[in-house]
Amino acid sequence: MDLNIQINKNILVLNGKEIKFDHNIRQFKTFGDDVVVLLAIPNNDDTLDNIYCYSSNGIIKWQVQPIKEVFPEMKRVYSFEQMSEIDGQISASDFYGRRFMIDPETGKITKKDIVK
């Protein structure tokens with residue numbers, strides 16, 4: 001299926017369906033018929049878990065699993081700053097260069113490492 005994707009600040013238009021977010025869209029990637037969106041979180045905002053996946057018909061499939069759920073020992077958790085695709089997984093990192101691998105089917109975090 002061809003995906004028709006348009007981005008205008010905090011609005012994703014996916015195959016004609018408008019999805020509005022509380023924050024601007026920093027980045028998006030397609031995985032098959034799904035669109036994964038990374039929201040830009042301002043420095044003075046403590047919003048976390050800022051990656052979402054939508055199906056081609058504009059229905060949310062998942063929001064990324066909270067980092068603290070997988071790594072409760074982490075003292076400080078930050079929003080994601082960037083994402084890419086590595087070996088079919090979503091690679092997302094925070095301001096401190098901590099990289100998290102995310103399953104694009106479920107939004108579950110599968111591992112963590114440091115990239116700085």
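Biologist: Leaving aside its neighbours within four places in sequence, which residues is Gln 65 in contact with?

Modeller: Quick caveat: this is a predicted model, where local features need pLDDT of at least 70 and side-chain atom pairs count only at pLDDT 80 or more, while totals for chains, interfaces and linings use all residues. Residues are numbered from 1 along each chain as its sequence is written, and side-chain values use heavy atoms, with hydrogens and water left out. Gln 65 sits in the loop between S7 and helix H1 (67–70), helices (H or I, at least four residues) and strands (E, at least two) being DSSP runs numbered from the N terminus. Taking contact as heavy atoms within 4.5 Å, and leaving those neighbours aside, its partners are Asp 49, Val 70, Gly 107, Lys 108 and Ile 109.

Biologist: Is Gln 65 buried or exposed?

Modeller: Buried means under 20% relative accessible area, exposed over 50%, and partly exposed in between (1.4 Å probe, protein chains only). Gln 65 has a relative accessible area of 12%, so it counts as buried.

Biologist: Asp 49 turned up among those partners. What is its phi, roughly?

Modeller: Asp 49 is in the loop between strand S5 (34–39) and S6, and it counts as buried because its relative accessibility is 16%. It isn't a glycine, yet its phi is positive, at about 55°.

Biologist: Which loop holds Lys 9, and how exposed is it?

Modeller: Lys 9 is also a non-glycine with a positive phi of about 55°. Its loop runs between strand S1 (5–8) and strand S2 (11–14). Lys 9 is exposed, because its relative accessible area is 59%.

Biologist: Which residue's side chain does the Ser 55 side chain make a polar contact with?

Modeller: Ser 55 is in the loop between strand S6 (51–54) and strand S7 (60–63), and it is buried, with a relative accessible area of 14%. Not counting residues up to four places away in sequence, it touches Leu 14, Asp 33, Asp 34 and Lys 61. A polar contact is a pair of N or O atoms within 3.5 Å; within protein, one must be able to donate a hydrogen and the other to accept it, and residues adjacent in sequence count only if both atoms are side-chain atoms. At 2.3 Å, the side-chain partner of Ser 55 is Asn 57.

Biologist: Which are the edge strands of the open sheet S8-S9-S10-S11?

Modeller: The 4 strands pair antiparallel in that order, where two strands pair if DSSP finds at least two bridges between them. An edge strand here pairs on one side only, and that picks out strand S8 (80–86) and strand S11 (109–114).

Biologist: In that sheet, which residue of S10 stands opposite Ser 91?

Modeller: Strand S9 (residues 89–94) and strand S10 (residues 98–102) run antiparallel and are joined by 4 bridges. Opposite Ser 91 stands Met 101.

Biologist: Zooming out, what is the radius of gyration of the protein chain?

Modeller: The chain has 1 helix and 11 strands, ordered β-β-β-β-β-β-β-α-β-β-β-β from the N terminus. The globule rule (2.2 Å times the number of residues to the power 0.38, with the radius taken over C-alpha atoms) gives 13 Å for 116 residues, and the chain comes close to that, so it is as compact as a globular protein of that length, with a radius of gyration of 14 Å.

Biologist: And what share of the residues is buried?

Modeller: The C-alpha trace spans about 40 × 30 × 25 Å along its principal axes. Of the 116 residues in the protein chain, the buried share is 42%.
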